[in-house]
Amino acid sequence: MRKWLIVAVIYLLLPWGMSLVWMRAVGAEGAVREEEKEVLPEDAGRTLPGENAGESGEAESVSATSGEVPGEAESVSEPSGKVPEQNGEASAEVGSAPERHILVERQNLRTYMSLEDYLPGVIACQIDPDYQMEALKCQAVIARTYICRLMEGRTEIHEEELDLDYLGAIDQDIFVNPKKRERILERLERCEQAVQETRGLVMRERGGGEGQENTGGRYILPLFHSMSAGRTRRGEADFPYLQAVESSWDTERADFLNVTDWSLKEFAAGISQITDAGQVSADQLPGQIQIVKKDASGYVEQIKIGARTYSGEEVQYALGLPSACYRLEVVKCGERGSDQTLEADSAENGLLSGGIGQKIRVIARGSGHGYGLSQAGADSMAAEGWRCEDILNYYYKNISLTAE
């Protein structure tokens, strides 16, 4: 459980460079320098609530949703009081929760940003900004919920607590190429709209019975992925809102299937890179490969290669596959198809024997870990007329959408 959780939250991270693009493009960098004169003396010796605090023990504290500074540094937006109306229906009023801030540092400059100003850069790096607006709004709620979950009980958080330090820098060509910069800004503006139209909206666990309004539960861990394998995965008991649901929209995407052919030597070398895997040799393949266990949504949980059994994710990352929902086939060199497969539903099915001149074909479906919201599914649903709230309630079960 903890292994997939840690992997899953990594999908919630994003490069810090996106905020630098936004700040430079709108001229906010100079504003930050001016504000620094006021912020630094007052806060230089102060530790934010929660800084240098001990480990919470929860896997999500290891890696966190990250975000970028989307707007001008000196303008901290005040709550509007309401989430804007959607499709003619008035949304819930924003609650009395105090405004949250993130302390950000860019090139040795420090300033506080309101959470709402911080979010557009987050979702610009988490989802394709050209997706339908209702899908972008879903991502805005997801990002806001995750950061609020980390900030539970606090109104401020240092960006370092969002684990951005090791992520890559931005393509410098964006700063000198007007067309690239203009395109980035257009996409960020769409993300900003998504944030504004969901202002304050978060997801919490629903503690009451069916149909009972209950907004007092904990913020959910809103996992998401690029594209499911046609059905999302069920989380364990600690995450009752992560239920398996059909997501057939994903199967209609052009990039739904990923097909890769490996020589026996290449496949063995890839598996041998797994930590503590030992050496897997080509002459063991394909006869000593067997998929032992899959979950109800078709994702590989256990696969035996040689003498060792691996998790589906271990093999996924070793081979660079887009997801852990995959099957394997044996094909002769130069042929594009074969009815002979390596897939086994259980250990009782036995292993297939190898042969000379063979390759291993790996066919993966979807992209990402498969838990929670499918971004591709949300985009297709939005194109069909689904509203943000309906999409979120489809992918996350027994939740309460609350405007704070």
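# A guided tour from helix α5 to the residue Glu404

Begin by selecting helix α5, which is mostly covered: 18 of its 18 residues are buried. Here, buried means under 20% relative accessible area, whereas exposed means over 50% and partly exposed lies in between (1.4 Å probe, protein chains only). Helices (H or I, at least four residues) and strands (E, at least two) are DSSP runs, numbered from the N terminus.

The model is predicted; local features need pLDDT of at least 70, side-chain atom pairs count only at pLDDT 80 or more, and totals for chains, interfaces and linings use all residues. Residues are numbered from 1 along each chain as its sequence is written, and side-chain values use heavy atoms, with hydrogens and water left out.

**Stop 1: helix α5**

Select residues 133-150. These 18 residues form α5, and the helix reaches 26 Å from its first C-alpha to its last, close to the 26 Å expected at 1.5 Å a residue. The expected span is 1.5 Å times one less than the number of residues.

Next, select Thr145, whose place is in helix α5. Is Thr145 buried or exposed? Thr145 counts as buried, because its relative accessibility is 0%. Display its surroundings: apart from residues up to four places away in sequence, Thr145 touches Val202, Met203, Tyr219, Ile220 and Pro222. Contact means heavy atoms within 4.5 Å.

**Stop 2: Cys388**

Move to Cys388, found in helix α11 (residues 388-395). This cysteine is buried, with a relative accessible area of 0%. Which residues is Cys388 in contact with, leaving aside its neighbours within four places in sequence? They are Glu134, Lys137, Cys138 and Val141. The C-alpha atoms of Cys388 and Val141 are separated by 9.0 Å, although the two residues are 247 apart along the chain.

**Stop 3: a sheet of three strands**

Strands of a sheet pair through backbone hydrogen bonds, either parallel or antiparallel. In this tour, two strands pair if DSSP finds at least two bridges between them.

Select β7, β8 and β9, which form an open sheet in the order β7-β8-β9, with antiparallel pairing. Strands β7 (289-294) and β9 (308-311) stand at the edges with a single partner strand each, so one side of each has no neighbour in the sheet. From one strand to the next, the twist averages 25 degrees. Strand β8 (residues 300-305) is joined to β9 by four bridges. To see one position of this pairing, select Ile305, which stands opposite Arg308 in β9.

Now add helix α9 (residues 312-319), which packs on the sheet and touches β8 and β9. The direction of α9 makes about 80 degrees with that of β9; axes are lines fitted to C-alpha atoms, for helices over the stretch in contact, and angles run from 0 to 180 degrees between N-to-C directions.

**Stop 4: strand β11**

Select residues 358-365, which make up strand β11; six of its eight residues are buried. Strand β6 (residues 257-263) pairs with β11 in the antiparallel sense over seven bridges, and Asn258 has Ala364 in β11 as its bridge partner. Strand β10 (residues 326-332) also pairs with β11 in the antiparallel sense, over seven bridges. There, the bridge partner of Val330 is Ile360 in β11.

**Stop 5: salt bridges**

Side chains of opposite charge can pair when their charged atoms come close. A salt bridge is a side-chain nitrogen of Lys or Arg within 4 Å of a carboxyl oxygen of Asp or Glu, and by this rule the count comes to 18.

Select Arg233 and Asp295, whose salt bridge has its closest N and O atoms 2.8 Å apart. Arg233 is in the loop between β5 (224-225) and β6, and Asp295 is in the loop between β7 and β8, 62 residues apart. Both residues of this pair, Arg233 and Asp295, are buried.

Finally, select Glu404 with Arg100; the closest N and O atoms of their salt bridge are 3.3 Å apart. Glu404 lies in the segment after β13 (399-403) and Arg100 in the loop between α3 (28-43) and β1 (101-106), so this pair ties together parts that are 304 residues apart in sequence. Add Arg204, whose side chain meets that of Glu404 in a salt bridge (2.7 Å, N to O). Because Arg204 lies in strand β4 (residues 201-205) and Glu404 in the segment after β13, the pair ties together parts that are 200 residues apart in sequence. Both Glu404 and Arg100 are buried, and Arg204 is buried as well.

**Last view: the whole protein**

Show the full model again. Its secondary structure comes to eleven helices and 13 strands, and 51% of its 404 residues count as buried.
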